[in-house]
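This briefing covers a predicted model. The points below are grouped by topic.

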Amino acid sequence: MLVVKEYEAMIEAYGKAGGNLNALTNNEVGNLLIHKNRVLRANGVEGIRVETEETETGVKVHFLMEEGMKIEHPVHLCFGVLPKDGLQDITLKIEAQADSEVAMVAHCIFPNAVDVTHKMDAAIKIGDNAKFSYHETHYHGEFGGIKVIPKARIEVGRKGVWESTFSLIQGRVGVLDYDFEIFGDEKSINELMVKVFGKEEDDISIVEKIHLNGRGARGLAKSRLVLNDNAKAMVRGETYGNAPFARGHVDCLEIVNGDGVIARAIPLVYVNNKQAKVTHEAAIGSIDKKQMQTLMARGLNEEAAVDVIVKGILR
Amino acid sequence: MLEIKHLKLTLNGNPLINELNLEVKEGKIHGLLGVNGAGKTSLANLIMGTTYPDEGSIIFEEQDITRCTISERANMGITLAWQEPARFEGLSIREYLSLDRNLSLSEAENYLWTVGIPPGEYLNRAVDGSLSGGERKRVELASVLAMKPKVAILDEPDSGIDVVSLPHIMNGIVEMGKRGSAVLLITHNEGAVSISEEVSIICAGKIINSGPPQEMCQWFKNNCQTCPHIGEPNYNGV
């Protein structure tokens, strides 16, 4: 595929997936567009440096948010593989220096995947008092022939903030092996959220680990899954309260909406300091009967009621 | 408009609803007063169709709806506000009021104002655990109003709420009546049924007395609140 055509095809797919085209192509906004192992666009703005290196199977990316810089507009990222098969291996290094503030919005697009693997290995360091939010949304096709393997190790400094959302609710999941681990320093805020809609034979594994290592660190590992047909899911939410006044919570909800579904959840709460507190709640079950009856009493049929409930949970 | 005839429902051999007869007239607020365990919620569920009776019939606008589904009844114009309303993660109040109806913003705002909720602060909030009990009940009433029902069954709308919410709830019910809906106002609080045109008293799954609100409230106070048989198994209310 010629680079220009590749660029145009990715832009078109990004637009179809609901991405903000203006933001992805705007020189005033930080953005990065990668198809397979090719960097089609990389634009830094004042306060953000972006370095990329293409490898045989993917791209190495280094983002540096400079100290004290508050980035007004979210940085837009787009990763994708448009052909039916391929491997995309992204190595991501993010450094948000002290007192910086930025939001990143990533779209991952695999509309035709029959045999595609998308891997992301991220090493992320959030400096003292820095604030970083990362929202990743996937758009998959209906074939289910995709493996998504996002792994991240995140260190959050004193009074730093990390908030991330991983959302895979459009198209078939395929195989998902999500593994994020955070280490939070004093008074840091560490939040992970995963939303997945599994269908047919999708196979989902989610690991969210939060280590609250600093005094007064706070953490939330939240997951919302809806499973139809024969989808399988395993969710491990782990929070470790290792310091005084650390507060953590693990919250997992899996809605089982198919005869062949297998849903599992293993919350782990661990405390080794008498002044720390970690709680958890995990619920696996069918759609709540009372919610169904309430919506049906407002005139919705059963199918429409399920749709409203599921969309709400995955929103 | 809504006639309940010889309704019976048993659970493990114990009668929950026992030969119950009741009529709710078009555009009227009908109070249903009873102590805990009298069968109020069981009756509400039977009318809405979340459970089916063992015997008897429910007639709505001269049509037997005893075996109709919840959705069918709702689409005929019957709805129910539960005593403990469900909470919905990710569903905004505006979406909840609208659902599959094309409710305009001004209509949604109007329904919220009717129950004393400022729309600007609340329309985009989720119908989830972040709402207090009173707020959630007011939103529930607003959602019933938005449906413009022919019959609204309100199961204990006045229970478990804060003093701020109560007058707004009562105002919402009165407004519902003014807008032409018949209301079956279910409560154990005789003060709440003062806004009704007629009151029936339920005990042990049957209607034991009916009449004007003032008279029935006094009767309820004198008889039911001091009744030594409350809670006795198989007490038949006579």
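Of the 238 residues in chain B of this predicted model, 46% are buried. The chain contains 8 helices and 10 strands.

**Chain B overall**
- Chain B has a radius of gyration of 18 Å, which agrees with the value near 18 Å for a compact globule of 238 residues.
- The C-alpha trace of chain B spans about 50 × 35 × 30 Å along its principal axes.
- Counting contacts in chain B between residues at least 6 apart in sequence, 70% join residues at least 24 apart.

**Helix H8 of chain B**
- Helix H8 of chain B covers residues 213–224, and its buried residues are Met216(B), Cys217(B), Phe220(B) and Cys224(B).
- These buried residues lie on the same side of H8(B), because the arc they cover around the axis is only 105 degrees.
- The buried residues of H8(B) pack against three elements of chain B: strand E3 (29–33), strand E9 (198–203) and strand E10 (206–211).
- Exposed residues Gln214(B), Glu215(B), Gln218(B), Lys221(B) and Asn222(B) sit on the face of H8(B) turned away from the buried side.

**Glu54 of chain A**
- Glu54(A) belongs to strand E3 of chain A, residues 48–54.
- Glu54(A) counts as partly exposed because it has 13 C-beta neighbours inside 10 Å, where 12 or fewer would make a residue exposed and 20 or more buried.
- Beyond its neighbours within four places in sequence, Glu54(A) is in contact with Asn37(A), Arg38(A), Val39(A) and Val59(A).
- Asp89(A) is 35 residues from Glu54(A) along the chain, and their C-alpha atoms are separated by 10.0 Å.

Technical notes:
Residues numbered from 1 in each chain as written. Chains lettered and ligands numbered in written order. Predicted model: local features only at pLDDT ≥ 70, side-chain atom pairs only at ≥ 80, totals over all residues. Helix = DSSP H or I, 4+ residues; strand = E, 2+ residues; numbered from the N terminus. Contact = placed C-beta atoms within 7 Å. Arc of directions from axis to C-beta. Rg over C-alpha atoms; globule rule 2.2 N^0.38 Å.
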